[in-house]
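Have the sequence at hand and follow along in the model as each part is described. The text below goes from single side chains to sheets and helices, and then to a few loop residues.

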Amino acid sequence: MKDIYDVAIIGAGPAGMTAALYASRSGLKTCMIEGGAPGGKMLKTYLVSNYPGVAEIPGPDLGMTMYEQSLAFGAAYIPGMVSEVLPDRTVKLTDGQEIRARAVIVATGTKERLLGIPGEQELVGRGVSYCAVCDGAFFRNKTVAVIGGGNAALEESGFLSQFVDKMYIIIRRDQFRAEEKLQKEVMANPKVEVIRDSVPVEITGEDTVTGLRIRNVKTGEETLLDVAGVFPYIGQDPVSSMVQNLGVCDEHGAIITNQEMMTKVPGVFAAGDVRVTELRQIVTATADGAKAAESAFLWVRENLEPTDTLVEELEN
């Protein structure tokens, strides 16, 4: 019994950390598995200004606060990459380790979508970056291009503008998809030039990025921009390969759940950006995490023999 967790949480972003907090606080023997650093995309966010109760806070600071609180009630933190979740809720890690759990919560979030154009993969880390917060300072006094017109693209543009001399923002349509507040900030920035109705077709350079070739989708005309950096923000794809074998994902790889965050596989739940959802924000991820933990608690209590952590509560 001692080697079985009541709940194993995969991912230490806002959804996973909230689930760990709620699950361990309710008395479940809990572990949280993470292949990178805890915090998820908060680590790549310059400032968070839309989390209720917090006027403004650096993303990494919010992530660290959540992480410390997530372990406060005894949840174990296990570094490692998960390769597969079996139907019996055994979690297999890439290093060969296997973690047995009575319930599993998948909270692995999303990863940046690639442009899929020549030069992108060859120049990653040499001018191509998916994290302005991580790499923005390397482009001080240079010209860069940001690809995308959503919230992430414009938020990162605001951060980059403190370093660069000039910034192109390339959008496929003739209007942004981002919040109006962000649009106004970008349009008022003298360093920014917006290029509309255009898509990237090639990133040029040998050792480092030297240019970005774009094509106007209406005229077909191509232009080579002289840039030292390219920052793509064209969307996210769910990190769900570890549950593809369970048949719980839609055609885009997002995990399908009911309102209780349970998948069609009993005892397997999902929370946060990795699941099918209309809005992907820190606040929605934390709400999902809390709900998934509560549902996992009820599942363990009602369906499976509890571990010692639940015995006292069930006897009362």
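Is tyrosine 67 buried or exposed? The model shown here is a predicted one. In this model tyrosine 67 has a relative accessible area of 17%. A residue counts as buried under 20%, so tyrosine 67 is buried. Tyrosine 77, at 22% relative accessibility, counts as partly exposed.

These two tyrosines also bring us to the aromatic pairs, of which the structure holds 3. The ring centres of tyrosine 67 and tyrosine 77 lie 5.3 Å apart, and the ring planes stand at 80°. Planes over 60 degrees apart count as edge-to-face, so that is the class of this pair. Tyrosine 67 belongs to helix H2 (residues 59-70), while tyrosine 77 belongs to strand E3 (residues 76-79). The pair therefore ties together parts that are 10 residues apart in sequence. Phenylalanine 159 and phenylalanine 163 make another of the pairs, with ring centres 5.4 Å apart and planes at 70°, so this pair is edge-to-face as well. Phenylalanine 159 is buried, at a relative accessible area of 7%. Phenylalanine 163 is buried too, at 12%.

Next come the sheets. Strands of a sheet pair through backbone hydrogen bonds, and the pairing can be parallel or antiparallel. This structure offers an example of each kind.

The parallel example is an open sheet of 4 strands in the order E10-E9-E8-E14. At its edges stand strand E10 (192-195) and strand E14 (229-232). Each of these has a single partner strand, so one side of each is left without a neighbour in the sheet. From one strand to the next, the twist averages 20°. Inside the sheet, E8 and strand E9 (residues 166-170) pair in the parallel sense over 5 bridges. In one of these places, alanine 145 has tyrosine 168 in E9 as its bridge partner. Helix H4 (residues 151-160) packs on this sheet and touches E8, E9 and E14. The direction of H4 makes about 165° with that of E8.

The antiparallel example is an open sheet of 3 strands in the order E11-E12-E13. Here E11 and strand E13 (222-225) are the edge strands, each with a single partner, so one side of each lacks a neighbour in the sheet. Neighbouring strands are turned by 25° against each other on average, direction ignored. E11 and strand E12 (residues 211-216) are joined in the antiparallel sense by 6 bridges. Across this pairing, serine 198 stands opposite asparagine 216 in E12. E12 and E13 pair in the antiparallel sense over 4 bridges, and arginine 215 has glutamate 222 in E13 as its bridge partner.

Why can E11 be called largely enclosed by the rest of the structure? The reason is that 6 of the 7 residues of this strand (residues 198-204) are buried. E11 and E12 form a hairpin with 6 residues between the strands, and in this hairpin glycine 205 takes a positive phi near 135°.

Two helices can be followed in the same way. The axes of helix H1 (residues 14-25) and helix H6 (residues 282-303) come within 7 Å and cross at roughly 35°. This crossing is right-handed. On the H1 side, the contact includes Pro14, Ala15 and Tyr22, and on the H6 side it includes Ile282, Gly289 and Ala293. By class, the contact of H1 with H6 has 9 nonpolar, 3 polar and no charged residues.

Last come some residues in loops. Most residues other than glycine have a negative phi. Asparagine 141, however, has a positive phi near 65°. Asparagine 141 sits in the loop between helix H3 (132-135) and strand E8 (143-147), and is exposed, with a relative accessible area of 54%. Methionine 261 also has a positive phi, near 70°. The place of methionine 261 is in the loop between E15 and E16, where methionine 261 is buried, with a relative accessible area of 5%.

Serine 241 is found in the loop between strand E15 (236-238) and strand E16 (268-270). At 56% relative accessibility, serine 241 counts as exposed. Serine 241 and leucine 47 are 194 residues apart along the chain, and their C-alpha atoms are separated by 30 Å.

Definitions and conventions. Residues numbered from 1 in each chain as written. Heavy atoms only, no water. Buried < 20%, exposed > 50% of the residue type's maximum accessible area, 1.4 Å probe, protein only. Pairing = 2+ DSSP bridges. Axes fitted to C-alpha atoms, helices over the stretch in contact; angles between N-to-C directions. Left-handed = near helix turned anticlockwise from the far one by under 90°. Contact = heavy atoms within 4.5 Å. Nonpolar A, V, L, I, M, F, W, Y, C, P; charged D, E, K, R; others polar. Phe/Tyr/Trp six-rings, centres within 6.5 Å; stacked < 30°, edge-to-face > 60°.
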